[in-house]
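Work through the exercises below with the model open. Each task is followed by its solution.

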Amino acid sequence: MSSNAITIPGTQIQARPWVDELHQWLTTVDHKRLGILYMLSALLFLVIGGVEALIIRIQLMHSHNNFVSPEVFNRMFTMHGTTMIFFVAMPVLFGFANYLVPLMIGARDMAFPRLNAFSFWLSFLGGLLLYFSFVGGSGLYGAGNAPDVGWWAYAPLGARAFSPGHSSDYWTLSLLVSGFGSIGTAINIIATILCMRCPGMKLGRMPLLAWLYLVQAGMVLIAITPLSAAQIMLLIDRYLGGHFFDTQAGGSAVLWMHFFWIFGHPEVYVLVIPAFAFLSEIIPVFSRKPIFGYPVMVAATVAIGLVSTSVWAHHMFSIGMNSYASSFFAITTMAVGIPTGIKIFNWIGTMWGGRIQFKVPMLFCIGFLFQFLIAGLTGIMQAAVPFDWQLTLSYFVVAHFHYVIVGGILFAIFGAFYYWYPKMTGRMLSETLGKWHFWLFLIGFHLTFDVMHIPGLLGMPRRIYTYEPGRGWDTLNFIITIGAFIQAIAILVFVANLIISYFKGAEAGNDPWDAWTLEWSTSSPPPAYNFATVPTVASRRPLWDLKHPEDPDSRYE
Amino acid sequence: MLRMKSSTLRFFEQTILLLFWSATAVWASEPKGSSSHGTNIFAPASTPAKSIADLSVFVLVITGIIFVVVFALLIYSVVKFRGRAMDAGREPAQVYGSTQIELAWTIIPILIVVVLFLATARVIHAIQDVPEPAGAVDVIAIGHQYWWEFRYPKLGIVTANELHIPVSDREHPTPTFLQLLSADTDHSFWVPELAGKTDLIPNHPNRMWMDPQRTGIFVGQCAQYCGIQHAKMLLRVSVDREDDFSAWVRAQQKVAVEEAGAIEGRRVFERNACMNCHAVDGTPADGRFGPDLTHLMSRATIAAGAAENTHDNLRLWIQNPSAIKPGSLMPAMKLSDADLDAIVSYMETLR
């Protein structure tokens with residue numbers, strides 16, 4: 001199993017001209033290439049969304065700043081949120097799913113390779129459509145402009161009376177188009193995991209990553225569908241005289257909020273479950289122990305998936321729900337904390353008694369654990385509804401969800417990049433640059449988002465382009481901005497590491513981390529067909545069995 | 001469980017509340033004893049804000065304990081079980097799980113959730129389901145793109161941006177109940193030291209109340225993104241002593257004064273489009289799109305708190321609203337200097 005590449009004697013592989021190479025990439029249906037395309041497009045949008053964040057931070061550096069106009073500021077936070085969620089987080093996570101799921105379950109490709117390519121290109125074109133608004137947002141009337149309705153586009157702000165021109169149509173259409181891409185990929189992931197596993201890989205023997213992506217893909221189907229429906233209803237309102245959300249004609253603004261958050265909250269778990277998946281693969285390998293409580297981890301994930309479909313209105317505690325509805329959403333929201341807590345404890349249980357190796361992927365995972373703990377606890381604070389009446393719509397919330405998305409999800413994604421980059425390219429990422437990246441990003445992150453909680457407690461609302469002096473917000477905002485720039489430098493180090501290591505990194509070999517799942521049994525990068533012979537597995541850690549024939553896992557199952 | 005330990009808990013809560021208050025007050029550099037208050041959620045001055053702050057401290061204590069325990073476990077396992085050079089090549093004992101331990105860390109969080117939920121539900125009910133007492137002041141607050149309209153239906157007053165309410169003492173509570181409406185997009189009424197925020201949503205009337213126990217100016221602002229000038233939709237609540245409030249009410253109930261010297265300015269006001277949007281009681285001007293100007297000079301600020309109500313600011317605002325508040329819906333009327341001066345002097349008579 002260790003050498004799986006087929007070499008045909010006597011054939012010379014000639015370097016193809018770059019046009020051919022490009023054509024290969026553009027027309028590929030190979031799950032690994034599509035995975036990499038997803039990741040590259042996500043990195044592109046990460047840089048763009050990051051620049052938007054920096055513009056926001058420069059503007060808020062001190063009170064009454066005039067770096068950008070209010071119009072530009074509102075476009076920046078709308079584009080930043082939309083870009084980061086739909087065109088960075090979703091694609092990069094789908095990219096890892098594409099790359100890893102078939103390799104880890106011993107399959108040669110996804111179930112529907114052409115649907116896979118179609119879905120990627122839909123998502124990518126959705127991103128281009130969003131940014132085309134800068135050129136074509138005002139239609140025929142002049143220069144373009146980007147949508148400025150916020151990433152929730154609360155009704156009636158998205159109605160034609162308040163959003164003339166076409167800028168918010170680009171927002172609607174881009175989410176609609178990329179939403180169809182997400183649905184296609186989710187169906188593909190589910191079909192692949194249920195139908196394409198190699199012999200011996202029962203559901204209970206799948207790597208946790210595959211299990212978690214199965215739940216995540218199911219949640220994508222639940223979450224994206226109401227969002228797409230709402231976007232279509234909004235288009236009907238805007239162009240066919242519908243009155244779903246048009247309050248001036250008797251429509252309901254609250255209906256839009258429900259539709260958006262029925263998407264929006266499961267979406268948080270759509271993003272965080274893959275992060276859990278990365279941790280569940282990386283922590284065992286660098287602790288040199290199997291995951292603690294595999295069945296409980298699966299059950300906790302399914303529980304999170306189920307409960308998280310009934311917590312959406314905790315984004316809406318200030319809209320004046322009655323006290324019974326508020327209480328219901330308070331208890332469901334707090335209840336999500338239970339399976340999430342189980343997961344954190346099980347990861348600690350995995351490290352407990354192990355021999356932890358502090359390689360860069362593991363550093364990012366430990367960072368995740370600390371930050372996700374805090375993010376979970378500030379989440380509990382906001383589930384206490386009256387407390388949330390003060391916290392919601394303030395900078396405290398902004399700090400909280402960046403703690404989840406940056407301190408949690410993005411840290412896990414960085415860990416995953418360092419862990420699987422050798423498999424994807426055949427080269428190791430530089431540990432030295434990796435440690436610079438980790439520590440710079442950690443410092444920048446805490447400087448920005450720890451401090452950001454305080455202006456929220458001091459009454460600073462989110463989405464304001466400027467503020468009055470004398471409120472006690474100036475110094476804090478200045479520190480937050482410095483932290484943002486340190487994070488930006490860390491991202492540059494990361495991108496430099498990706499590029500430099502591609503050309504000059506150490507050879508990785510098949511299995512640089514001495515790991516246990518199937519992707520490490522084939523060459524790095526794997527051949528197009530993944531495995532020369534389809535593997536057969538007898539336990540959750542097939543490579544452990546291979547490396548320790550005297551004490552295989554399969555004996556305990 | 002809450003009741004059993006209530007006295008210790010209360011002491012605990014008060015101490016921590018004090019800590020939070022002093023910590024945040026340092027940042028806010030709140031002028032103590034002055035009549036102007038900050039926006040610190042841990043410095044409540046009214047019953048809803050006070051019950052929220054108490055619950056917040058309770059939640060902070062519980063989450064703080066969880067944090068310390070889990071953080072310590074994490075640090076311990078990272079330090080204690082770090083790989084060492086001497087175990088190269090050897091693998092640790094392979095442990096797959098433990099039902100007892102996993103049950104323990106499922107049941108304890110469930111208990112914590114139950115306690116937190118009960119505390120939360122009690123406060124939700126205590127704030128949200130309070131019936132309106134007979135002596136309460138009624139106010140209808142209407143959110144507009146980037147300003148606040150306040151109507152006192154029982155008193156026949158219409159004003160803007162600066163809400164006046166009476167102070168409420170424990171013996172004779174005079175709480176204020178606000179009905180929240182919106183004329184256009186969503187807004188949110190947030191004065192952190194008086195109450196939590198509640199949204200103003202078109203076609204979805206909401207209600208909130210406050211019974212401030214201290215006098216002074218309490219500031220806040222719109223918290224729900226409502227368009228270009230969301231940032232400069234500021235709020236001022238003036239909590240007045242009983243007699244000051246009555247005097248204010250009597251003054252606001254009068255129609256606009258007419259002064260002979262301001263007649264030219266009034267003509268300019270009525271000749272231009274001003275009166276389509278603004279009302280001046282006792283004159284033909286009855287527009288409702290912009291703030292009521294009958295007693296403009298009784299307000300300390302203009303443009304929803306974006307500028308102080310001074311002669312120069314008023315003139316600049318009428319000449320070119322975008323200079324103070326870009327994106328404001330008030331158009332620049334391109335008045336001549338003479339007309340501008342006339343209209344400003346007219347405005348200055350509207351006390």
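**Exercise 1.** State how many residues each chain gives to the contact between chain A and chain B, and break down the side of chain A.

*Solution.* Step 1: count the residues. Chain A gives 76 residues and chain B gives 76 residues; two residues are in contact if their C-beta atoms, placed from the backbone, lie within 7 Å. Step 2: find the main contributor. Helix 9 of chain A supplies the largest share of the side that touches chain B, 15 residues. Step 3: sort by type. This side of chain A holds 48 nonpolar, 22 polar and 6 charged residues. Here Ala, Val, Leu, Ile, Met, Phe, Trp, Tyr, Cys and Pro count as nonpolar, Asp, Glu, Lys and Arg as charged, and the others, Gly among them, as polar.

The model is predicted: local features need pLDDT of at least 70, side-chain atom pairs count only at pLDDT 80 or more, and totals for chains, interfaces and linings use all residues. Residues are numbered from 1 along each chain as its sequence is written, with chains lettered from A and ligands numbered from 1 in the order in which they are written.

**Exercise 2.** Describe helix 9 of chain A and its burial.

*Solution.* Step 1: take the span. Helix 9 covers residues 323-351 and reaches 43 Å from its first C-alpha to its last, close to the 42 Å expected (1.5 Å times one less than its number of residues). Helices are DSSP runs (H or I, at least four residues), numbered from the N terminus. Step 2: check burial. 21 of the 29 residues are buried, so helix 9 is largely enclosed by the rest of the structure. Buried means 20 or more other C-beta atoms within 10 Å of the residue's own, placed from the backbone.

Technical notes:
Helix = DSSP H or I, 4+ residues; strand = E, 2+ residues; numbered from the N terminus. Buried ≥ 20, exposed ≤ 12 C-beta atoms within 10 Å, placed from the backbone.
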